[in-house]
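Colleague: Please give me a close look at one helix-helix contact in this model. Then follow it out to whatever lies around it.

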Protein chains: 2
Amino acid sequence: MRACLSKSFRGMGVCSDLFFCQWRQVRSSTSTVTLSQTMRRALALAERVEKGPYGPQPSPLSVERSRAVDAQGHSLRARAALGRHSFYQRSSETEELQTSGSQEFGVTFTDHMLLVRYREGRWETPAIVVRRPLELDPGSSSLQYGLQIFEGMKAYRPDPAGPETEDVVRLFRPRENLQRMYRSAARLALPLFDTETMLHLIEEYVRTEADWVPVRDLPDDLRPVSLYLRPCLISTDARLGVRRAKEALFYVIASPSLGGYYSGADPAGVALLATDEFVRAWPGGVGDAKCGGNYALGLVAQELAHAEGCHQVLWLDPERNVTEAGVMNFFVVTSAGEVLTAPLGEGLILPGIIRSAVIELIRGGSVPAQANGQPWQVVERSLHIEDLIRGIEDGRIVEAFGTGTAAMVCAVAAIKYRGRTYRLPEAADNHQRLSIRLGKAFERLLFDPGRETSAHPWIHTVQIKPTPQVASASRTQFG
Amino acid sequence: MRACLSKSFRGMGVCSDLFFCQWRQVRSSTSTVTLSQTMRRALALAERVEKGPYGPQPSPLSVERSRAVDAQGHSLRARAALGRHSFYQRSSETEELQTSGSQEFGVTFTDHMLLVRYREGRWETPAIVVRRPLELDPGSSSLQYGLQIFEGMKAYRPDPAGPETEDVVRLFRPRENLQRMYRSAARLALPLFDTETMLHLIEEYVRTEADWVPVRDLPDDLRPVSLYLRPCLISTDARLGVRRAKEALFYVIASPSLGGYYSGADPAGVALLATDEFVRAWPGGVGDAKCGGNYALGLVAQELAHAEGCHQVLWLDPERNVTEAGVMNFFVVTSAGEVLTAPLGEGLILPGIIRSAVIELIRGGSVPAQANGQPWQVVERSLHIEDLIRGIEDGRIVEAFGTGTAAMVCAVAAIKYRGRTYRLPEAADNHQRLSIRLGKAFERLLFDPGRETSAHPWIHTVQIKPTPQVASASRTQFG
């Protein structure tokens, strides 16, 4: 295994077995999320309303296969994904296959989608169907009243050197995504669902789209390459009264993700515009739910950031404490070895899966200690923008980064506030930076081909060769 | 005209010509909306991004007619609307026509919808088509990121006694709805549009669906009956990055509205649950935009209100000032003749068209003065929930009501806060109540058949007989 590790990190200058030794320490730690009062109340109400219609699905999953398959059964569009990271896309006019090199986030989609419909108080037979437009009543409350939630998670292939390459895809802590989605559903009065059933269906979906999970071109290509999965839950109720959705659709689409989320950003990191003019979340609101409305309200601020030469917004709460960075959680690192991030309890912060993993990696000692030998200390507390600025100016704050499923760990190079730009210090040795170390820890966890890694509790392994019960009569082959 | 007025208000005990005399006073008043800092900035940014692609449409409107027309060309479903306020609906299974008595708000829809697509920086040829499901890419940012706004406006038929009955439909201040929609679009970085072009298209749509605008069964039926119009603007961009929509759809659907919005409410009014646990809007947010996310976040609070025996929520801001009541603006009336409502400037309040009309009616002297002869005084200022409660307890607050397009003017009977219910006083003479007087003022304005009323600046008259240029070759007749 060590040989594989060395290979996968060739040229990066760091190959510490420390990560692996210490990952074991956090295996037993369970992820706990501090819920806001609003979220606790929403969960209690939702579970009282939904009296158990969300058990396991008795009906078999039906699978409709794309017609565009080659002799080996691989999707024509997906085949290329196994090789050079470019994709064939079918032109809608000519039905001819064309090469598409787009690596912009979320532009290329896979062939299929997973659909589970909710009607008359229960979830109906799930289906994996060829990706096509959804037919939605124009009065649907998902389009009128923002009754829509989503999640983002990624599927990875271990590096090809290991024994699992051909038949394994990894998901990162997918149960936590589904548990967060469950809480988001409760917060927006959308139907609840059984998270284990949904995980089982997503596994099936990942098997169907496994050809689309990119393989990294080792050894020179060290970009993260993955298949981004987007589970969604929307109301399909077609009535204009503002009320709980009686019909809904859970669906999953997927998009291969090759480059970084912030294309064109300085390798030193992104620049953030701190704004107290636009506010993302507030106590008693929905800042801790992953719902559409949280994103709609951020676009103008994002454009303002671009107009001021920044990549993204640094969101402040009504007291001007820093909360999130664009669509990421936000961390700063002090010269004393404190790693600060905003606390969850008030509901202003999305409880990020990568945020939680970063905290656990550091607390579990899975990143090398500071240069002085002292361990890092994670502190979840509010940080005022003025204190952040002062900390950068007097050198007490040495690093800042964002975390999220799309961007993973994203370094912050500068913060602009009220017309002035404050640059985070440039690292003498980049590999000493905590954000780089965390990024490498994730890379190893996600791509290392070792069986030990596959057994890590954060890794959810999906066997992509269909198991006997999957290849049953319920699987229909078209074309 | 006086005869008609008397007829339309027969049995209600009040027939004051005062309204008509004094409406003239407010004719010249232009509606001004105090914009929040956030909204001003959003407008400035949006207008800088959109450099004029939203001019008048050069292409002719195309109209696709429903197949379900009778010999006179009336929609079969709509025919009944002219009579007894029940509707025929086509069963989706059998295609047979069935009678539907549903008067729940927003359940029955008309035959057609108006569609205007935005693509490549411009609005395309508009079309009125038979109502059918929208085909939306499952990755559309309207479904993912809440990029969706809407409006609510109503079309009315003057009472049948007047000369205009057969050929006129009235809209109430539709320009203001479209101007508010324009601001909402700017706030959410959706494409801007020319409000006059959209008004022209909505007029055409109202002509197409004119059979669906209900007629009141005078003299005993004094419920408001109207055709509720729902203009929507959604992003149709199919990519997962959070960014400005490059493709969008403006559409309008319509639903006949017969009963009150709050079915089953006490005639004395609705009961409101004041909550500081759930918060609708906050400075720097989107509380003054009519976007989906503002409604999604309210459902759990609404269910909590129902669980506590109330009809709706009384929203408090972070300082516990009262802001809105459910999906309505909120007013209280003091024994000294003050009419208090929350101010707009901070962006916590939806700038309601009915709210604005109520303020202008009172300020213009269009409702009878108080019993002591003094005029009412509208004051836009914050009111703390504790002051509201104390005011009810010591008798200084004598009345409360909500306003909105769906409910028009809706009396509030009680407010529940922290486990206790505070009842507004019962009126000795109900007709003296300001909410009743305002409701009557609106009814007269909307339904009076007089030509003078049609010329009121708040009334936008649509001739429903097609004008020659409308009945052009661009109008396609199916079936």
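Modeller: Let's start with who touches whom: from H10(A), A:Ile354, A:Ala357, A:Val358, A:Leu361 and A:Ile362 meet A:Leu434, A:Leu438, A:Ala441 and A:Phe442 of H12(A) (contact means heavy atoms within 4.5 Å; helices are DSSP H or I runs of at least four residues, strands E runs of at least two). Sorted by type, the residues of this contact come out as 9 nonpolar, no polar and no charged (Ala, Val, Leu, Ile, Met, Phe, Trp, Tyr, Cys and Pro are nonpolar, Asp, Glu, Lys and Arg charged, the others, Gly included, polar). Keep in mind that this is a predicted model, with local features needing pLDDT of at least 70 and side-chain atom pairs pLDDT 80 or more, while totals for chains, interfaces and linings use all residues. Residues count from 1 along each chain as written, chains are lettered from A in the order written, and side-chain values use heavy atoms, without hydrogens or water.

As for geometry, H10 (residues 353-363) and H12 (residues 434-447) of chain A pack at about 100°, axes 11 Å apart (axes are fitted to C-alpha atoms over the stretch in contact). H10(A) and H12(A) are therefore roughly perpendicular, the label for 65 to 115 degrees.

H10 of chain A also helps line the largest cavity, giving at least two residues, as do S11, H8, H9, S14, S16 and S19 of that chain. That cavity has a volume of about 400 Å³ (on a 1 Å grid, a 1.4 Å probe fits but cannot get out; lining residues have an atom within 4 Å of a point). It has 33 lining residues, and A:Lys290, A:Tyr295, A:Val327, A:Met328 and A:Leu350 are the closest to its centre. The lining splits into 17 nonpolar, 11 polar and 5 charged residues. In total there are 15 cavities of 30 Å³ or more.

The second largest cavity holds about 280 Å³. Among its 26 lining residues, B:Lys290, B:Val327, B:Gly404, B:Thr405 and B:Ala406 lie nearest the centre. Two or more residues each come from S11, S16, H10 and S19 of chain B, and H10(B) gives the largest share, 3 residues. By type, this lining has 15 nonpolar, 6 polar and 5 charged residues.

How do the chains relate? Chain B lies on chain A with an RMSD of 0.0 Å after a turn of 180° and a shift of 0.0 Å along the axis (least squares on C-alpha atoms with pLDDT of at least 70 in both). That is the relation of a two-fold axis. In chain B, B:Gly293 comes closest to that rotation axis, its C-alpha at 2.1 Å. The copies meet through the same surface, because 100% of the interface residues of chain B are also interface residues in chain A.

Key:
Axes are lines fitted to C-alpha atoms, for helices over the stretch in contact, and angles run from 0 to 180 degrees between N-to-C directions. Angles under 35 degrees count as roughly parallel, over 145 as roughly antiparallel, 65 to 115 as roughly perpendicular and the rest as oblique. On a 1 Å grid over the protein atoms alone, a cavity is a set of points where a 1.4 Å probe fits but cannot get out, and a pocket is an open set with protein on both sides within 12 Å along at least five of seven lines; lining residues have an atom within 4 Å of a point. Grid points are joined across faces, edges and corners, and a volume is the space filled by probe spheres set on the points.
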